[in-house]
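Subject: Structure for you to look through

Dear colleague,

I am handing over the structure we spoke about, and I would be glad if you kept it open while you read. My notes on what was found in it follow below.

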Amino acid sequence: MPTIPYLHFQNGECGEALAFYRDVFGGTDLQVMRYGDAPDAPDDWASAPHVIHGELTIGDGKLMASDFPPGLEGDPQKAVSVMQSAPDVETAHRWFAALLQDGDVIQEMAANFFSPAFGMVRDRYGTHWMISAMPSEGPDA
């Protein structure tokens, strides 16, 4: 069974964040269920636009997420990074730049001993990303 990252958002940002990640990574199969969709949802949940569960397919993997329940504050993504491998350097740079919009650089995108392009960024939703281009394959790799 695969390990699947599950992110938590504040302020009802989960649906927006998952749609953003779909656009950045070319994701598919975005699914979102709201707290109000839950059977017997409490009144303060029933009217809230917060996401109780969302998921998105990115390449061969899934990314799952939710908002913290209405009225509950949490500590989203402070000590976790999501690693996303890009098929090539150009794609890695494009993803990094998209995630950086209204975000912060943690480590600039650069070549290193394990990747021709690797960088770390905290996006506008507070999610930490590690973007890495796959090393070239072939006789000179």
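Which residue takes a positive phi in the hairpin of strand 3 and strand 4, and how many residues lie between the strands? Please bear in mind, before the reply, that this is a predicted model. The residue is Gly59, whose phi is near 60 degrees, and the hairpin has two residues between its strands.

Staying with these strands, you will find that strand 3 and strand 4 pair in the antiparallel sense over five bridges, and that Glu55 of strand 3 stands opposite Met64 in strand 4. On strand 2, which covers residues 28-34, five bridges lead to strand 3, and this pair also runs antiparallel; here Gln31 stands opposite Glu55. Strand 3 is largely enclosed by the rest of the structure, because six of its eight residues are buried.

Helix 1 comes next. This helix has twelve residues and reaches 16 Å from its first C-alpha to its last, which is close to the 16 Å expected at 1.5 Å a residue. Helix 1 is mostly covered, with nine of the twelve residues buried, among them Cys14, Leu18, Tyr21 and Phe25. Just after the helix, Gly26 takes a positive phi of about 70 degrees.

The largest nonpolar core has 28 residues, and those with the most contacts inside it are Phe9, Tyr21, Phe25, Leu99, Trp129 and Ile131. Several elements each supply at least two residues of this core, including strand 1 (6-9), strand 5 (81-86), helix 3 (89-100) and strand 8 (128-133), while helix 1 gives the most, with seven residues. If you select Phe25 and set aside its neighbours within four places in sequence, you should find it in contact with Ile58, Gln84, Trp95, Leu99, Trp129 and Ile131.

Finally, is Val82 buried or exposed? Val82 has its place in strand 5, and it counts as buried because its relative accessibility is 8%, where the cut-off for buried is under 20%. Again leaving aside neighbours within four places in sequence, Val82 is in contact with Leu7, Thr127, His128, Trp129 and Met130. Between Val82 and Phe118 there are 13 Å in space, C-alpha to C-alpha, although the two residues are 36 apart in sequence.

With best wishes

Conventions. Residues are numbered from 1 along each chain as its sequence is written. This is a predicted model: local features need pLDDT of at least 70, side-chain atom pairs count only at pLDDT 80 or more; totals for chains, interfaces and linings use all residues. Side-chain values use heavy atoms; hydrogens and water are left out. A nonpolar core is a set of buried Ala, Val, Leu, Ile, Met, Phe, Trp, Tyr and Cys residues joined through side-chain atoms within 4.5 Å. Buried means under 20% relative accessible area, exposed over 50%, partly exposed in between (1.4 Å probe, protein chains only). Helices (H or I, at least four residues) and strands (E, at least two) are DSSP runs, numbered from the N terminus. Contact means heavy atoms within 4.5 Å. The expected span of a helix is 1.5 Å times one less than its number of residues. Two strands pair if DSSP finds at least two bridges between them.
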